[in-house]
Protein chains: 2
Amino acid sequence: MYMNFEDQLRDFSRQVKFKANFGELSPFKNIVISGMGGSGIAGSIFSEIYDKAPVQVVSDYGLPSYADRDTLFVGISYSGNTEETVAATKEAMRRGCQVRLITSGGELSELGAETVVVPKGYQPRAALGYLIKPFLSTFITSDEAQYDRISRLLSDMDTNNSNEKDVAGKIFGRRSIPYVLGYPPFRWVAYRWKTQFNENSKILAFSAYFPELDHNDAIPFKHTYGKENFSFLVFGGSTGQIEKRVRFTSEITSTEYITIQPKGDTVLEKLFYLVHAGDYVSYHLGNMRKIDPEDVSVLTELKERLKS
Amino acid sequence: MYMNFEDQLRDFSRQVKFKANFGELSPFKNIVISGMGGSGIAGSIFSEIYDKAPVQVVSDYGLPSYADRDTLFVGISYSGNTEETVAATKEAMRRGCQVRLITSGGELSELGAETVVVPKGYQPRAALGYLIKPFLSTFITSDEAQYDRISRLLSDMDTNNSNEKDVAGKIFGRRSIPYVLGYPPFRWVAYRWKTQFNENSKILAFSAYFPELDHNDAIPFKHTYGKENFSFLVFGGSTGQIEKRVRFTSEITSTEYITIQPKGDTVLEKLFYLVHAGDYVSYHLGNMRKIDPEDVSVLTELKERLKS
């Protein structure tokens with residue numbers, strides 16, 4: 001059984017204090033992460049803040065042919081039964097990759113690979129703290145004081161998320177489609193917002209990021225039809241050329257943004273703050289729409305039919 | 001001066017016969033490609049059909065810290081003056097990466113690195129054949145008979161693109177936003193369609209891909225508001241679990257697709273066919289909207305302001 005969904009959201013501040021890492025690792029030349037949807041996003045967000053080795057996140061059934069004994073393979077599936085990740089993990093074991101798994105159980109936990117077991121009872125997207133922490137503890141920082149600070153930032157938002165509710169109200173008031181504009185190293189956080197709108201609010205949503213979006217997305221901002229159906233959300237706190245791009249793009253194309261201002265001092269603090277802000281905006285928007293954030297009937301029906 | 005834009009489109013069949021490769025390469029452990037927008041997409045499409053080494057496409061000013069003497073760095077900027085790519089290339093040279101460049105001139109051509117020089121006179125997005133061919137000749141196949149077959153497929157479409165015009169008519173008839181659904185190895189081709197709509201038709205457009213989209217995008221397909229503002233385009237020709245996902249997702253969420261059926265026997269033939277179909281759909285849609293596909297005033301104004 002799942003916890004109440006708001007309790008799951010409020011659990012994020014506890015999850016970032018989850019003490020888990022991948023243990024002793026042999027040297028490796030590259031990292032391949034397999035994970036889909038709410039599980040895979042942990043790998044994608046990690047891939048953007050770690051750059052000491054190539055990291056490829058695979059969202060498919062297979063593995064790249066270069067994956068071999070010199071590869072650290074991490075399979076992430078909250079349920080442990082995601083068909084794409086189970087297939088990729090078996091292939092990684094066959095090839096002799098160094099394998100680590102993150103799961104709460106299921107088929108993945110029975111493959112005999114070294115596994116970080118995370119608690120059951122969450123929606124995968126509400127278990128992000130558990131799913132990403134082993135990466136952070138192993139590769140970014142093992143200083144738990146950092147995670148304590150992050151935890152306080154997150155629980156402050158649990159106490160007061162009226163800003164996030166206001167943003168949800170603006171989107172809902174216009175029955176608009178969110179178009180979330182991020183920038184490095186928060187590109188995948190922007191994508192996380194998109195997926196949270198998809199799942200928690202059950203609405204279409206899209207993401208893009210500076211500077212790349214200036215070469216594609218922004219060109220029609222001035223000319224397109226249908227722009228009035230979208231709400232443009234942008235992450236604040238950028239600097240240098242990116243800050244200029246954010247500002248000039250708005251001015252030149254007459255595009256109004258709703259700005260999401262991160263709190264925190266370090267990149268990691270800002271990152272978690274922005275993630276959690278997206279949790280709350282999408283959650284409040286779901287409430288305003290009177291939908292059940294836990295309704296994943298589309299996914300369940302799809303899985304059933306794929307098995308037959 | 002640019003050629004007439006339709007002539008640029010029709011040049012694609014000639015471009016795939018462009019004889020160029022990266023020459024002798026020393027051994028490398030990974031590939032880092034820097035490129036933005038219409039230039040970067042050549043690297044992204046390549047990265048999806050090559051998997052003998054990790055490939056990371058960087059759409060930003062910097063380089064990952066792992067990039068070193070064991071890295072093959074390829075900088076792609078059609079103009080040669082893209083600020084992000086120029087900055088990344090200088091950094092790659094500083095770090096002792098093995099450097100190759102693809103450009104028609106500009107600052108990039110003056111850095112003293114080994115360079116594939118491509119013809120001037122095109123919009124970067126209309127020079128994709130030139131920009132991707134060095135990757136294909138070097139890493140995928142040097143069999144020119146393959147490219148001759150691709151060339152014939154493309155010029156057949158130049159002669160008759162009434163199917164593509166019909167698709168454009170459907171999108172334009174509803175003043176809808178294209179939402180292009182791809183699948184591996186055509187995920188980046190779906191993204192190319194999105195960017196071609198952005199640039200050639202000057203409209204917002206989005207892309208996603210199976211199986212990942214079933215974990216995110218598809219969940220609200222059944223519940224969202226605003227769905228009537230979109231046209232869902234899907235690439236045909238999938239098989240196995242992906243084919244099932246495409247079909248079941250449509251049925252379960254009551255989502256009607258416009259299917260784009262690729263021609264050709266090999267992956268490479270289908271890939272180029274699908275790319276060119278997107279060129280024509282976006283081009284016809286731009287004509288129907290009576291916009292100038294070559295108007296990149298937003299980008300030009302942005303570049304001017306970023307310099308000051």
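## Two copies, one rotation

What rotation superposes chain B on chain A? In this predicted model, the answer is a turn of 180 degrees, with 0.0 Å of shift along the axis and an RMSD of 0.0 Å. The two copies are therefore related as by a two-fold rotation axis.

Look for Pro54(B) if you want to find that axis: among the residues of chain B, its C-alpha comes closest, at 3.2 Å. The copies meet through the same surface, because 98% of the interface residues of chain B are also interface residues in chain A.

## The sheet in chain A

Now let's turn to the strands. Five of them form an open sheet in chain A, in the order β2-β1-β3-β4-β5, with parallel pairing. The edges are β2 (55–58) and β5 (114–117); each has a single partner strand, so one side of each is left without a neighbour in the sheet. From one strand to the next, the twist averages 20 degrees.

The partner of β2(A) is worth a look: strand β1 (residues 30–34) of chain A runs parallel to β2(A) and is joined to it by four bridges. Within this pairing, Val32(A) has Gln56(A) of β2(A) as its bridge partner.

## A pair of helices

Chain A also offers a nice helix pair. The axes of α3 (residues 37–49) and α8 (residues 187–201) of chain A come within 8 Å and cross at roughly 165 degrees. An angle over 145 degrees counts as roughly antiparallel, which means that α3(A) is roughly antiparallel to α8(A).

The crossing of α3(A) past α8(A) is left-handed. Residues making the contact include Ile41(A) and Ile45(A) from α3(A), and Trp188(A) and Tyr191(A) from α8(A). By type, the contact residues are five nonpolar, four polar and three charged.

Technical notes: Residues numbered from 1 in each chain as written. Chains lettered and ligands numbered in written order. Predicted model: local features only at pLDDT ≥ 70, side-chain atom pairs only at ≥ 80, totals over all residues. Axes fitted to C-alpha atoms, helices over the stretch in contact; angles between N-to-C directions. Helix = DSSP H or I, 4+ residues; strand = E, 2+ residues; numbered from the N terminus. Parallel < 35°, antiparallel > 145°, perpendicular 65-115°, else oblique. Left-handed = near helix turned anticlockwise from the far one by under 90°. Contact = placed C-beta atoms within 7 Å. Nonpolar A, V, L, I, M, F, W, Y, C, P; charged D, E, K, R; others polar. Least-squares fit on C-alpha atoms with pLDDT ≥ 70 in both. Pairing = 2+ DSSP bridges.
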